[in-house]
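Hi everyone, thanks for coming. I'd like to walk you through a structure that is new to most of you, so please have a look at it while I talk.

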Amino acid sequence: AFPGSNQNDALSAHREERAQPPVDAELLKRQIMEQIRQEFDTKQERQDVSIEDRIKEELRGELDDREKEFDVENYGSVTGRMFYKGKLLPGCQVKIIMLEKWGVFGKPKEGLRLETTTDENGRYLFEKVNPGGYKIYWKPPHESSWIRSIKMEPDLFVEAGETYRYRDRETNIKTAN
């Protein structure tokens with residue numbers, strides 16, 4: 001080799017490569033297999049999670065369906081409209097209170113209370129209402145106290161699976177506070 005020639009550099013680089021220890025083929029195989037196994041396990045865990053998520057989603061759907069069946073079979077609903085001087089009344093508070101006792105000899109005993117507000121069309125809706133007799137109260141936006149009819153018998157009776165349509169109510173007629 002002549003001074004300044006590239007051949008010396010190539011020869012010394014080749015000697016350095018040979019100086020590195022030989023690769024252990026078995027060790028390399030085991031490392032590659034372990035890496036593949038970890039990737040497979042990770043992928044399997046993701047698949048298991050997705051399978052688990054699908055099962056949970058299916059069970060949630062079944063539970064929702066059963067809840068809906070239960071709601072239809074065991075609850076009712078109440079709907080109606082509120083007016084003020086012949087015009088639909090939005091923002092009117094409406095509540096219904098279950099009467100557990102009523103009549104000549106029974107002193108009225110109040111139970112479950114549900115409350116809502118009329119929409120822009122003066123309509124209200126109570127869903128998932130337990131069957132029974134209810135007294136209805138209302139409080140128009142310009143009033144400070146609840147208003148109800150004088151009689152202590154229930155104003156409406158809710159039946160399971162049915163929607164009770166309460167008559168349109170004019171709120172500017174004073175009844176009882």
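What follows is a short tour of some strands, then the salt bridges, then two patches on the surface. Before I start, please keep in mind that this is a predicted model.

Okay, strand 1. That's residues 76-84, and seven of its nine residues are buried. So who does strand 1 pair with? Let's go through the partners one by one.

Take strand 5, residues 123-129. Strand 1 and strand 5 pair in the antiparallel sense, over five bridges. If you want a spot to look at, find Arg81: its bridge partner in strand 5 is Arg123. Hold on to Arg81, please, as that residue comes up again later.

Next is strand 9, residues 163-165. Here the pairing with strand 1 is parallel, over three bridges. You can find it on your screen by looking for Ser77, which stands opposite Thr163 in strand 9.

Then there's strand 10, residues 169-170. Strand 10 also runs parallel to strand 1, and two bridges join them. The pair to look for is Phe83, in front of you there, opposite Glu170 in strand 10.

And then strand 2, residues 87-88. Strand 2 runs antiparallel to strand 1, with two bridges between them. Tyr84 stands opposite Lys87 in strand 2. Strand 1 and strand 2 form a hairpin, with two residues between the strands. One detail in that hairpin: Lys85 takes a positive phi near 50 degrees.

While we're on strands, a general reminder: in a regular strand the side chains alternate between the two faces of the sheet.

Let's move along to strand 6, residues 132-139. Is strand 6 mostly buried or exposed? Seven of its eight residues are buried, so strand 6 is largely enclosed by the rest of the structure.

What does strand 6 pair with? One partner is strand 8, residues 156-158, which runs antiparallel to strand 6, with three bridges joining them. Gly133 is a good place to look: its bridge partner in strand 8 is Phe157. Strand 6 also pairs with strand 7, residues 147-148, again in the antiparallel sense, over two bridges. There, Trp138 stands opposite Ile147 in strand 7.

Right, salt bridges. How many does the structure hold? Four, and I'll show you some of them.

Remember Arg81? Arg81 forms a salt bridge with Asp168, and the closest N and O atoms are 2.5 Å apart. This pair links distant parts of the chain: Arg81 is in strand 1, while Asp168 sits in the loop between strand 9 and strand 10, 87 residues apart. As for cover, Arg81 is partly exposed, at 23% relative accessible area. Asp168 is partly exposed too, at 38%.

Now look at Asp155 and Lys135. They form a salt bridge as well, with the closest N and O atoms 3.2 Å apart. Asp155 lies in the loop between strand 7 and strand 8 and Lys135 in strand 6, so this pair ties together parts that are 20 residues apart in sequence. Are these two buried or exposed? Both Asp155 and Lys135 are buried.

For another one we go to helix 2, where the side chains of Glu57 and Arg60 meet in a salt bridge at 3.3 Å, N to O. Both residues lie in helix 2, three residues apart, about one turn of the helix. Glu57 counts as exposed, because its relative accessibility is 51% and the cut-off for exposed is over 50%. Arg60, at 46%, is partly exposed.

Last stop, the surface patches. There's a negative one, formed by Glu58, Glu62, Asp64 and Asp65. Glu58 lies in helix 2, residues 25-74. Glu58 is exposed, with a relative accessible area of 53%.

The other patch is nonpolar, about 480 Å², and made by Val23, Leu28, Ile32, Met33 and Ile36. Met33 has its place in helix 2. With a relative accessible area of 46%, Met33 is partly exposed.

So, if you'd like something to go back to on your own, start with Arg81: bridge partner of Arg123 in strand 5, and salt-bridged to Asp168. Thanks for listening!

Conventions: Residues numbered from 1 in each chain as written. Predicted model: local features only at pLDDT ≥ 70, side-chain atom pairs only at ≥ 80, totals over all residues. Heavy atoms only, no water. Buried < 20%, exposed > 50% of the residue type's maximum accessible area, 1.4 Å probe, protein only. Helix = DSSP H or I, 4+ residues; strand = E, 2+ residues; numbered from the N terminus. Pairing = 2+ DSSP bridges. Patch = residues over 30% accessible without salt bridge, like charges linked within 9 Å, V, L, I, M, F, W, Y side chains within 5 Å. Areas by Shrake-Rupley, 256 points an atom, 1.4 Å probe, with all protein chains shown as cover. Lys, Arg positive; Asp, Glu negative; His and termini not counted. Charge placed at Lys NZ, Arg CZ, Asp CG, Glu CD.
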